[in-house]
Amino acid sequence: MSPTVIAYNEIYNAIQNGVISAGENEAAGVEAMKFYEVAPHLNLTQHAVSIRPICFSVKTLKTLPKELQDAIMKAGKEAGDYGRQLESSEEVVKLDTLEKAGKLKRVPFEERDAMKKLADPVMATYAKEIGAEGIFEKINVV
């Protein structure tokens with residue numbers, strides 16, 4: 001593969017016109033942008049970790065009473081857990097629906113461990129460069 005940067009709204013046309021031969025997306029994007037029309041094979045590489053941060057101003061948080069601070073932290077963790085579960089379950093449902101309708105064919109990827117082994121040193125170096133070693137370690141625990 002040779003990665004190419006294409007604006008998200010141009011992927012469909014880029015595949016259709018042969019500028020690129022494939023795209024990389026989660027099920028919601030494949031469904032919404034109808035990428036299955038021009039690229040009906042989905043390679044299940046499981047190479048991405050989507051991070052959906054919940055942000056709150058520390059300055060504002062510190063002005064709140066302790067019980068509200070604790071409630072916000074607890075609610076943030078619960079919302080994160082719920083969001084991950086919801087997104088994961090929707091992913092499966094969307095792909096099942098597209099596949100059953102004959103619009104998409106999932107292609108198993110059997111070389112994930114080999115790909116990860118090659119990518120990990122690059123990822124570790126980048127994590128160190130941006131001060132994200134802790135996050136990188138947590139991702140790799142899974």
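This passage describes a pocket and the salt bridges of a predicted model.

The second largest pocket was examined for its volume and its lining. About 180 Å³ of space lies in this pocket. Its lining comprises Ile-54, Cys-55, Phe-56, Val-58, Leu-61, Ile-72, Met-73, Ala-75 and Gly-76. Two elements, α3 (58-63) and α4 (66-100), each give two or more residues to this lining. Helix α4 provides the largest share, four residues. By class, eight lining residues are nonpolar and one is polar. No charged residue takes part in the lining of the second largest pocket.

Charged side chains were considered next. Side chains of opposite charge can pair when their charged atoms come close. Eight salt bridges were found in a search of the whole structure. Three of these pairs are described below, and each has at least one partner in helix α4.

Lys-66 and Asp-70 form one salt bridge through their side chains, with an N to O distance of 2.8 Å. Both residues lie in helix α4, four residues apart. They are therefore separated by about one helical turn. Lys-66 is exposed, because its relative accessible area of 55% is over the 50% cut-off. Asp-70 is partly exposed, at 39% relative accessible area.

A second salt bridge links Arg-84 to Asp-81. The closest N and O atoms of Arg-84 and Asp-81 are 2.5 Å apart. This pair also lies in helix α4, here with a spacing of three residues. The separation is again about one helical turn. Arg-84 is exposed, with a relative accessible area of 52%. Asp-81 counts as partly exposed, at 35% relative accessibility.

The pair Asp-96 and Arg-106 forms a further salt bridge, and the closest N and O atoms are 2.5 Å apart. Asp-96 lies in helix α4, whereas Arg-106 lies in strand β2 (residues 105-108). The contact therefore ties together parts that are 10 residues apart in sequence. Asp-96 has a relative accessibility of 27% and counts as partly exposed.

Salt bridges can also share partners. Such sharing joins Lys-77, Asp-81 and Arg-84 into one network. Asp-81 and Arg-84 thus appear both as a pair and as members of this network.

Helix α4 recurs in both parts of this account. It gives four residues to the lining of the second largest pocket. It also holds both partners of the pair Lys-66 and Asp-70, both partners of the pair Arg-84 and Asp-81, and Asp-96 from the pair with Arg-106.

Key:
Residues numbered from 1 in each chain as written. Predicted model: local features only at pLDDT ≥ 70, side-chain atom pairs only at ≥ 80, totals over all residues. Heavy atoms only, no water. 1 Å grid on protein atoms, 1.4 Å probe; cavity = no way out; pocket = protein on both sides within 12 Å on 5 of 7 lines; lining within 4 Å. Points joined across faces, edges and corners; volume = space filled by probe spheres on them. Nonpolar A, V, L, I, M, F, W, Y, C, P; charged D, E, K, R; others polar. Salt bridge = Lys/Arg side-chain N within 4 Å of Asp/Glu carboxyl O. Buried < 20%, exposed > 50% of the residue type's maximum accessible area, 1.4 Å probe, protein only.
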